[in-house]
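Trainee: I would like to learn how to read a fold from its strands, contacts and surface. Where should we start?

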Amino acid sequence: MSQANTNTDFILRLGKTGAEIGCKSIQGLEEETEYEYIQEGGLNNYVHIRRKPVLRPVALVIERYVMDGEDEDPMPCGAVFADPVAVIVKRDGRRSPQDAPFLEYHFYGCVVAKKSYSGLNAEEASLLTETVTLLCQYMEMKR
């Protein structure tokens with residue numbers, strides 16, 4: 001019997017360095033393929049479906065907390081990751097290293113295109129977050 005898994009235990013792993021970054025949320029885990037429809041002439045009602053070339057990169061939006069004590073920014077604006085960036089989802093909150101991940105998303109050819117920070121408000125206490133937009137050439141999902 002199949003069992004659904006939660007989406008609350010995940011981590012971002014950056015390329016070959018293996019630096020793991022805890023995130024508040026990750027958006028943009030989607031693939032899209034565009035098609036064109038070509039109708040044949042003549043008497044038959046037949047439509048050919050042809051795949052179009054990729055028109056735009058995959059945009060991965062990562063929201064994370066700004067941590068005290070980080071020596072360097074792990075994702076500076078303009079950084080290029082030659083090695084894949086991975087989003088690793090664990091199974092039902094298991095955190096021990098021997099537990100295999102439930103799901104992994106690998107992003108190839110990533111560039112940090114945009115960074116923004118949460119607003120500052122003296123009247124309302126909240127944690128400082130940064131939002132990083134990675135543009136990636138393609139995505140691959142592994143189970």
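Mentor: Start with contact, which means heavy atoms within 4.5 Å. This is a predicted model, in which local features need pLDDT of at least 70, side-chain atom pairs count only at pLDDT 80 or more, and totals for chains, interfaces and linings use all residues. Residues are numbered from 1 along each chain as its sequence is written, and side-chain values use heavy atoms, with hydrogens and water left out.

Trainee: Which residues does T133 touch, leaving out those up to four places away in sequence?

Mentor: T133 touches L60, V61, V111, V112, A113 and K114. For the protein chain, 63% of the contacts between residues at least 6 apart in sequence join residues at least 24 apart.

Trainee: How many helices and strands does the protein chain have?

Mentor: Both are DSSP runs numbered from the N terminus: helices are H or I with at least four residues, strands are E with at least two. The protein chain has twelve strands and zero helices. T133 lies in strand β11.

Trainee: Is T133 buried or exposed?

Mentor: Buried means under 20% relative accessible area, exposed means over 50%, and partly exposed is in between (1.4 Å probe, protein chains only). T133 has a relative accessible area of 15%, so T133 is buried. Of the 143 residues in the protein chain, 26% are buried.

Trainee: Why is strand β11 described as largely enclosed by the rest of the structure?

Mentor: Because six of its eight residues, which run from 129 to 136, are buried.

Trainee: What pairs with β11 in the antiparallel sense over eight bridges?

Mentor: Two strands pair if DSSP finds at least two bridges between them. Strand β6 (residues 58-65) is antiparallel to β11 over eight bridges, and V58 stands opposite C136. Strand β10 (residues 110-117) also pairs with β11 in the antiparallel sense, over six bridges; there V111 has L135 as its bridge partner.

Trainee: Turning to the surface, which residues make the nonpolar patch?

Mentor: Patch residues have over 30% relative accessible area and no salt bridge; nonpolar side chains (Val, Leu, Ile, Met, Phe, Trp, Tyr) are joined within 5 Å, like charges within 9 Å. A salt bridge is a side-chain nitrogen of Lys or Arg within 4 Å of a carboxyl oxygen of Asp or Glu. Here Y35, Y37, V47 and I49 form a nonpolar patch of about 450 Å². Strands β4 (35-39) and β5 (47-51) each supply at least two of the patch residues.

Trainee: Why does V47 count as partly exposed?

Mentor: Because its relative accessibility is 44%. V47 is in strand β5.

Note on methods: Accessible areas come from the Shrake-Rupley method with a 1.4 Å probe; for residues, only the protein chains shown count as cover.
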